[in-house]
Amino acid sequence: MRRLFRQGKRLGLVAMALVLVTALLLGSVAPSQAAQSERAVKLGLLAVFTGPIATMGSGMCMGMTDYMEYVNRHGGIGGETKVDLLWSETGRAPIPDAITAYKRFKDAGVVAIMTPLGMQMSLLAPRLQRDEIVMFAEDPHILPDLTITKPEQWIFGIDCGFSCMFATAAKWFNQNWTESRPMRLGLIAYDNAESRSLFEDGIALPAIKQMGIDYVGHEVMPLMGAVDTTVEWLRLAGKKADMIFVCAWGATMTTLIKDAARLEIQGKGIKLCGAMGSIDIYQFPIVRGAMNGWYGIIPLAHDVLAASPGAKAMLEMSAKRGWKEAGELSINYTGGWLTSMLLCEGIKLAIEKVGYENLTGRAVREGIISIKDFDCGLGLPPITISNSMPYWSRGEYMEQVRELRFVTISDWIENVYNLEFPL
């Protein structure tokens, strides 16, 4: 009898253990089931956290991912649709890795893709149109025949091209030119379609010459692997350029900055200006004082951003990166943040129109081109995006690096031209 009691007691303990285990298992399954039933939209990111262009790419990617995290923390797009952001590193080999990543994203059912690199969008343009997947990239206009997907635009971005920034920077310097003779302008660009558009698109150089500026020529650098730029700097200095505009990023830009300091290019009275995001806080520890005196043209200025209502959210999310004030934010980070913001706004408008159940890449495209007078809260004029003008920036600010800080030295400057794409 006593033995039966012990056995019964043991069986009771076993049964109790089974009940507890079952309860724990059910408890662990419940959140998973809830997560599966949660409304979510799948997006893809062609990330560039590594490789020779990482000083630009990583900043934009951090801004993109941080904004998506911020949205999810606050209930999702429209307060109810979470973002499921898939990403794949492509910085080591941006072109072949982009093709592999694109296939993964497509198979996973993404409705939109983001990338900090323009070179990837020109490659993927036909696929995006065929598969009806939206892309938000650096600039939707490199050369019209490369990226315009007639009769519909599937690629959206910051502004209408690097050549637009080039012409706008030249105009600002020319307006501040005090000598009686024409200002002499030189250009250094690295070798890809984006940068070559500065002197090949037939738009920027005619606009610059109409301003009365004497264009002395350009030098073309390797996209990757530039270890010495002495010859290029000295050629333009020998042509007595008064201002040199530089369109390069990553390791090549680092070499250009260090060589310009070593050769005392600024000491010869030559102003140096980088294209959007080509000079950034990531380079400060590498080139140090060599960046002082450089100008940079940018659609989101640090000083303006610091006074804007949207800076609080940006600093909240970027605090984990050690940035405590707007003046410390990466230029590229702010661009990535706004890119994600506009993509989410387009998705919100698409859901309002067709419903979450009918959300597709085409619906997202229609949502993006219906963005009208959107206040991003970051010190910019209201943003409108359309099929023929698929970019958010219509103007720039001029900044200068002083004692390793970015100082805004101009009001908002409307771009010399804002192209309307001939779709």
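## Cysteines and disulfides

In this predicted model, C247 has a relative accessible area of 0% and therefore counts as buried. C344 is also placed in the buried class, because its relative accessible area is 5%. Both values fall under the 20% limit that defines a buried residue.

A disulfide is a covalent bond between the sulfur atoms of two cysteines. The structure holds zero disulfides.

## The largest pocket

C344 appears again in the description of the largest pocket, where C344, Y67, Y70, V71 and M341 are the lining residues that lie nearest the centre. The lining consists of 18 residues, and the volume of this pocket is about 290 Å³.

Two helices, α2 (54–73) and α14 (331–354), each supply at least two residues of the lining. The greatest contribution comes from α14, with five residues.

## A buried helix

Helix α6 comprises 14 residues, from 162 to 175. The distance from its first C-alpha to its last is 20 Å, close to the 20 Å expected at 1.5 Å a residue.

Eleven of these 14 residues are buried, so α6 is largely enclosed by the rest of the structure. The buried set begins with the unbroken run F162, S163, C164, M165, F166, A167, T168, A169 and A170, and is completed by W172 and F173. An α-helix has 3.6 residues a turn, so residues three or four places apart point the same way.

## Salt bridges between parts of the chain

The structure holds 23 salt bridges. One of them joins K106 and D131, with the closest N and O atoms 3.9 Å apart. K106 belongs to helix α3 (residues 94–108) and D131 to helix α4 (residues 118–131), so this pair ties together parts that are 25 residues apart in sequence. K106 is classed as partly exposed because its relative accessibility is 39%.

A further salt bridge is formed by E219 and R235, whose closest N and O atoms are separated by 3.0 Å. The pair connects distant parts of the chain, with E219 in strand β7 (residues 214–221) and R235 in helix α9 (residues 230–238), 16 residues apart. E219 is buried, at a relative accessible area of 8%, whereas R235 is partly exposed, at 45%. Salt bridges also link several residues into a network, made up of D66, E69, R73, K320 and R321.

## Contacts around helix α15

R362 and E152 form a salt bridge in which the closest N and O atoms are 2.9 Å apart. R362 lies in helix α15, while E152 lies in the loop between α5 (144–147) and β5 (155–156), so the pair ties together parts that are 210 residues apart in sequence. With a relative accessible area of 28%, R362 is partly exposed.

N387 is located in the loop that runs between α15 (361–368) and β11 (395–401). The side chain of N387 makes a polar contact of 2.7 Å with the side chain of R365. A polar atom of the N387 side chain also lies 3.0 Å from the backbone nitrogen of Q153.

How values were computed:
Residues are numbered from 1 along each chain as its sequence is written. This is a predicted model: local features need pLDDT of at least 70, side-chain atom pairs count only at pLDDT 80 or more; totals for chains, interfaces and linings use all residues. Side-chain values use heavy atoms; hydrogens and water are left out. Helices (H or I, at least four residues) and strands (E, at least two) are DSSP runs, numbered from the N terminus. A polar contact is a pair of N or O atoms within 3.5 Å; within protein, one must be able to donate a hydrogen and the other to accept it, and residues adjacent in sequence count only if both atoms are side-chain atoms. The expected span of a helix is 1.5 Å times one less than its number of residues. Buried means under 20% relative accessible area, exposed over 50%, partly exposed in between (1.4 Å probe, protein chains only). A salt bridge is a side-chain nitrogen of Lys or Arg within 4 Å of a carboxyl oxygen of Asp or Glu. A disulfide is a pair of cysteine sulfur atoms within 2.5 Å. On a 1 Å grid over the protein atoms alone, a cavity is a set of points where a 1.4 Å probe fits but cannot get out, and a pocket is an open set with protein on both sides within 12 Å along at least five of seven lines; lining residues have an atom within 4 Å of a point. Grid points are joined across faces, edges and corners, and a volume is the space filled by probe spheres set on the points.
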